[in-house]
Amino acid sequence: VVGWPFTGFVDSLSLPEFCSFLNRALGNRQKESCEVLLLPKRGEPIWARLEGSGLSEGQACLIAAMDITEQKRTVQALRESEARYRSLVEVSPDAILVVRIGQIVLVNPAGLALLGAKKNTQVIEEQLNGIRNGEGGIQAQVRLGAEMTPDVLAVVTLGATAGSRDA
């Protein structure tokens with residue numbers, strides 16, 4: 001591989017980012033960085049974080065490459081998990097709110113219906129206190145995980161209080 005152009009290992013979709021990085025690194029002596037997908041001649045593609053800086057008058061630069069493939073996979077798995085969780089919350093027949101520091105940050109369609117709202121913007125950032133206290137015939141059950149505290153994150157399941165339901 002000595003003497004081969006490094007661009008031959010860079011995925012075509014990462015090539016513009018790599019070329020921009022290389023121009024920046026050659027143009028100054030400050031550390032520059034980028035993330036690119038590398039395609040080795042054998043084996044699986046590798047995500048790499050490249051860090052480099054120019055050595056002399058734009059003629060050469062020193063580049064270090066770190067394998068970040070597992071980090072990229074972990075981030076992708078987290079995004080997929082969040083998407084699945086959000087889908088479950090959205091289709092749940094139970095009213096669900098997510099609350100951070102006492103403010104509603106997410107409410108599903110069943111929660112909107114129970115609160116009498118048509119859009120998320122009508123309840124997002126509202127304080128949970130009024131709902132928790134049973135105003136409007138709504139009673140909230142706050143479930144906290146072992147690592148959660150009320151001022152950090154809570155999942156709230158809403159239900160109509162006994163006196164608020166039509167018989």
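Biologist: Three strands, E1-E2-E3, are said to form an open sheet with antiparallel pairing. How do you know that E1 and E2 pair?

Modeller: By counting bridges. Two strands pair if DSSP finds at least two bridges between them, and seven join E1 to E2, which run antiparallel. E2 (residues 46–56) and E3 meet the rule too, with eight antiparallel bridges. The strands themselves are DSSP runs of E, at least two residues long, while helices are runs of H or I of at least four, and both are numbered from the N terminus. In general, strands of a sheet pair through backbone hydrogen bonds, in a parallel or antiparallel way.

Biologist: What should I keep in mind about where the model comes from?

Modeller: This is a predicted model, where local features need pLDDT of at least 70, side-chain atom pairs count only at pLDDT 80 or more, and totals for chains, interfaces and linings use all residues. Residues are numbered from 1 along each chain as its sequence is written, and side-chain values use heavy atoms, with hydrogens and water left out.

Biologist: Back to the sheet, then. What makes E1 and E3 edge strands?

Modeller: Each has a single partner strand, so E1 (32–38) and E3 (60–67) both have one side without a neighbour in the sheet. From one strand to the next, the twist averages 30°.

Biologist: And what packs on that sheet?

Modeller: Helix H1 (residues 15–27), which touches E1, E2 and E3. Touching is a contact, meaning heavy atoms within 4.5 Å. The direction of H1 makes about 150° with that of E1; axes here are lines fitted to C-alpha atoms, for helices over the stretch in contact, and angles run from 0 to 180 degrees between N-to-C directions.

Biologist: How do the elements of the whole protein chain run?

Modeller: From the N terminus, they go α-β-β-β-α-β-β-α-α-β-β, which comes to four helices and seven strands.

Biologist: Why is the Glu35 and Arg49 pair called a salt bridge?

Modeller: The rule asks for a side-chain nitrogen of Lys or Arg within 4 Å of a carboxyl oxygen of Asp or Glu. Glu35 and Arg49 come to 3.9 Å, N to O, so the pair counts. The two sit in distant parts of the chain, 14 residues apart, with Glu35 in strand E1 and Arg49 in strand E2. In the sheet, Glu35 stands opposite Arg49.

Biologist: What else does Arg49 hold on to?

Modeller: Glu51, with the closest N and O atoms 3.2 Å apart. Salt bridges that share partners join Lys31, Glu35, Arg49, Glu51 and Lys72 into one network. Glu51 also stands opposite Ala64 in E3.

Biologist: Why is Glu32 called buried, when Arg24 is its salt-bridge partner?

Modeller: Buried means under 20% relative accessible area, exposed over 50%, and partly exposed in between, with a 1.4 Å probe and protein chains only. Glu32 has 15%, so it is buried. Arg24 has 29%, so it is partly exposed. Their side chains meet at 3.0 Å, N to O. In total, the count is six salt bridges.

Biologist: How do you know that Cys34 is not in a disulfide?

Modeller: A disulfide is a pair of cysteine sulfur atoms within 2.5 Å. The closest cysteine sulfur to that of Cys34 belongs to Cys19 and is 9.7 Å away, too far for a bond. The structure holds zero disulfides.

Biologist: Are Cys34 and Cys61 buried or partly exposed, and what makes them so?

Modeller: Cys34 is buried, because its relative accessibility is 3%. Cys61, at 21%, is partly exposed.

Biologist: What makes Leu112 buried, and which residues does it touch?

Modeller: Its relative accessibility is 9%, so Leu112 counts as buried. Leu112 is found in helix H3 (residues 109–115). Not counting residues up to four places away in sequence, Leu112 touches Val107, Ala117, Lys118, Lys119, Asn120 and Val123. Leu112 and Ile96 are 16 residues apart in sequence and 9.0 Å apart in space, C-alpha to C-alpha.

Biologist: And what fraction of the 167 residues in the protein chain is buried?

Modeller: Buried residues make up 27% of them. Among contacts between residues at least 6 apart in sequence, 34% join residues at least 24 apart.
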